[in-house]
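Visitor: I would like to learn how to read a model of this kind, one feature at a time. Could you take me through it slowly?

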Number of protein chains: 2
Amino acid sequence: MSKKRVTLADVARLAGLSPTAASMILTGRPDTRLSAEAHARVHAAALELGYRPNLAARALRTDKTRTIAFISDVVATTRFANGLIRGTLEAADAAGHVVLVLETGGEPAREVQAIEAALDRQVDGFIFAAMRAREVFVPALPAATRVVMLNATSRHHPVCILPDEFEAGGAAVRLLHDAGIRDGIALIGHNQMVEQGLFRSETVSRRLSGIRTEMARFGLDFVAEESCWNWEARNGYELVCGLLERKVPLTALLCLNDRLAFGAYQALGEAGLRIPADMSVVSFDNDELAADLRPGLTTFALPHEEMGREAVRLLLAPKSELGEHLIPMTATIRQSIAIIGEGRGLVTEMPRPSRSN
Amino acid sequence: MSKKRVTLADVARLAGLSPTAASMILTGRPDTRLSAEAHARVHAAALELGYRPNLAARALRTDKTRTIAFISDVVATTRFANGLIRGTLEAADAAGHVVLVLETGGEPAREVQAIEAALDRQVDGFIFAAMRAREVFVPALPAATRVVMLNATSRHHPVCILPDEFEAGGAAVRLLHDAGIRDGIALIGHNQMVEQGLFRSETVSRRLSGIRTEMARFGLDFVAEESCWNWEARNGYELVCGLLERKVPLTALLCLNDRLAFGAYQALGEAGLRIPADMSVVSFDNDELAADLRPGLTTFALPHEEMGREAVRLLLAPKSELGEHLIPMTATIRQSIAIIGEGRGLVTEMPRPSRSN
DNA sequence: CAATATTGCTAAAAGGATTTAGCAAATGAT
DNA sequence: ATCATTTGCTAAATCCTTTTAGCAATATTG
């Protein structure tokens, strides 16, 4: 009938024991010498009263909150890197932790604020996530703070998680090669600066490096390398229109992301070319879009969800496992490549939640 | 040099005052009678030591954490309702609060767990969000708990925020009417069950109701009402292919979401029909997709971001403002309607973050 | 049997803030 | 000069849990 919260003292009283005993039993201390009967009485009392420990009080004493701070530029608030947060939430939940999500828009001032807000709340660790894999500036933190960089790197925090772009780049080339394609392959979205790792994501330069390495291994050459700065649908459209106008002999398009590929689809459609009969297309990201295109787009997914899960695992691991953790990118095979050889890394498509409003 | 946290006692000591005084001054109590000099000394000391209050300790005493629980089915982890969380984070940040994000996948068991995890951490209030606006089951909560339903409703929690679908439905019809279109309007995605509010989102039934009311007001009739259960691109494609086969005389397609519209684009494209010259299209959602289509799709955006902000405002408002809070949906005018009259509610398109990996 | 170990449990302190009750000095009223 | 207020500040209690140190009773050992 009383409106107050049930406290540990209440449980102890009902069990006829001291709060000390109740605490030891409920927190499952190993070395305690309390009787089996005491255990039973305390657990029964806790159940009967519906006891829930006050985590603020516990945090005050133990400095542990079972709370993780997820600090990102725009991960939670754009659709792009959504899997990162999905994986993080899922793994945190499984580990009995909870996630404080803070977005900074990449602004250093807000970043500092976010970190302070999290520190004030005694979080157990930090995950710094970035929408595009990149070096992220992390303001100074207390020495012992546990930190994992997710889809990001940092000079001061060596534990980081990245997609294995080099391998995926090679795999994309293999997919075309296995399909019997030898000539007329165009690279869509190449950019000198990016390739040299000067701008944007460091990982994309690895993707390109993987592509070139594998092309060389097979003795293949690009018939064209179309460069652009942004990777939007419009850019893909314009680049492919250009190629068609110049009558470059094309067999396959290796697009650096799905939006470029979407633009390519539009250009090819308007030119009356059929995919994959007249042209094969392969791409990266596995955007939601890729499944809706006609025909479905074969593309290498960024393993965001898996990366998020791994971030939580590393953050809560007993000792930190330093270094880069590369997560494999798997191909989702659809119908955009005229497959002659057998597909590798084939993944059946996952059902997605459908939407109605 | 010491590694320990700076505590209020340290500040008080440095200022030559009691912790009581320091607390009163730093929390900015109004009625205190402490001297101006004392204020100055305490603030100076806090600054010098870099004092940050321990929120766990404060929470223990005051039961306030400046933390909000955002509990949703799949909002944070799908791209669809992303704006909800963006708006929430933004407004919470502005109000000096922090957001605990918990996803339940809509499973009642996980919902209960999530609520308990949040209650254990003494959150100041709950926002229950749903991907599609719908009645959400909320497990019992302590009586005084502050709750806002976001894009959702609940029998027990009267404060809710919904998009103004009725109005938007009418506005979509007006857009076509203003463009001089009188005949050959097809409704794509109609569904009897949805319209009666029996399934899915309650708000979509309002959207349909707004559409029909406005059609009636103008004395217009649909030339066809194509029904389907899912609202994916493939459904739009199939429905429009069907209409074309049956040679229904079409002028405009009123699609119930952008994915259906995307499918319609594909079907029209394959049939060699041009938008908007041969066919106007209008739709709902303002999916990212809508901007990438050729031509750009005119569509009514779900005001998710604004809704998220409003949720925080209502949650933290001094007294709860009961009832439904309808947020207007604004049209983003692109090129998919042959505009003859003048466009209303025209919104220039916002730049979106571009993406490269 | 006396000395020692073990068992089963508890009192009290600690963690860091807020808040209630109240003290001493200065000021004002009579 | 005396009593009542006001001013400026503080001691101590409180929130709830964990943890250290240790007590009393029983069991074991020499």
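Guide: Let us begin with how elements are named: helices are DSSP runs of H or I with at least four residues, numbered from the N terminus. Please keep in mind throughout that this is a predicted model. With that naming, α2 and α4 of chain A, together with α2 and α4 of chain B, each supply at least two residues of the surface near DNA strand D.

Visitor: Which helix gives the most to the surface near DNA strand D?

Guide: That helix is α4(A), which contributes four residues to the surface near DNA strand D. In total 23 residues surround this strand, and the closest are A:Leu8, A:Tyr51, A:Arg58, A:Arg61 and B:Ser35. Sorted by class, the surface near DNA strand D has nine nonpolar, nine polar and five charged residues.

Visitor: What share of the atoms of DNA strand D within 4 Å of the protein belongs to sugar or phosphate?

Guide: Sugar or phosphate accounts for 55% of those atoms, and the rest belong to bases. For individual polar contacts, one looks at pairs of N or O atoms within 3.5 Å. A polar backbone atom of A:Leu8 is 2.4 Å from a phosphate oxygen of DNA strand D, and a polar backbone atom of B:Ser35 is 2.7 Å from a phosphate oxygen of that strand. A base is reached by B:Thr20, which has a polar side-chain atom 2.8 Å from a base nitrogen of DNA strand D.

Visitor: How many residues surround DNA strand C, and which are the closest?

Guide: DNA strand C is surrounded by 27 residues, of which the closest are A:Ser35, B:Leu8, B:Ser23, B:Tyr51 and B:Arg61. Of the atoms of DNA strand C that come within 4 Å of the protein, 50% are sugar and phosphate. Helices α2 (19-26) and α4 (55-62) of chain A and α2 (19-26) and α4 (55-62) of chain B each supply at least two residues of the surface near this strand, and α4(B) gives the most, with five residues. That surface has eleven nonpolar, nine polar and seven charged residues.

Visitor: Which atoms of DNA strand C lie 2.5 Å from B:Ser23 and 2.3 Å from B:Arg61?

Guide: For B:Ser23, a polar side-chain atom lies 2.5 Å from a phosphate oxygen of DNA strand C, whereas for B:Arg61 a polar side-chain atom lies 2.3 Å from a base oxygen of the strand. A:Ser35 takes part through its backbone, with an N or O atom 2.7 Å from a phosphate oxygen of DNA strand C.

Visitor: Turning to helix packing, at what angle do α7 and α9 of chain A cross?

Guide: The axes of α7 (residues 165-178) and α9 (residues 202-218) of chain A come within 6 Å and cross at roughly 40 degrees. Angles under 35 degrees would count as roughly parallel and 65 to 115 as roughly perpendicular, so α7(A) is oblique to α9(A). Their crossing is right-handed, and the residues of the contact divide into five nonpolar, seven polar and six charged.

Visitor: Where do the cis peptide bonds to A:Pro276 and B:Pro295 fall?

Guide: A:Pro276 lies in the loop between α11 (258-270) and β9 (280-285) of chain A, and its cis bond from A:Ile275 has omega near 0 degrees. B:Pro295 lies in the loop between α12 (289-292) and β10 (298-301) of chain B, where the cis bond joining B:Arg294 and B:Pro295 has an omega of about -5 degrees.

Definitions and conventions
Residues numbered from 1 in each chain as written. Chains lettered and ligands numbered in written order. Predicted model: local features only at pLDDT ≥ 70, side-chain atom pairs only at ≥ 80, totals over all residues. Heavy atoms only, no water. Near = heavy atom within 4 Å. Polar contact = N/O pair within 3.5 Å; in protein donor to acceptor, adjacent residues only side chain to side chain. Nonpolar A, V, L, I, M, F, W, Y, C, P; charged D, E, K, R; others polar. Axes fitted to C-alpha atoms, helices over the stretch in contact; angles between N-to-C directions. Parallel < 35°, antiparallel > 145°, perpendicular 65-115°, else oblique. Left-handed = near helix turned anticlockwise from the far one by under 90°.
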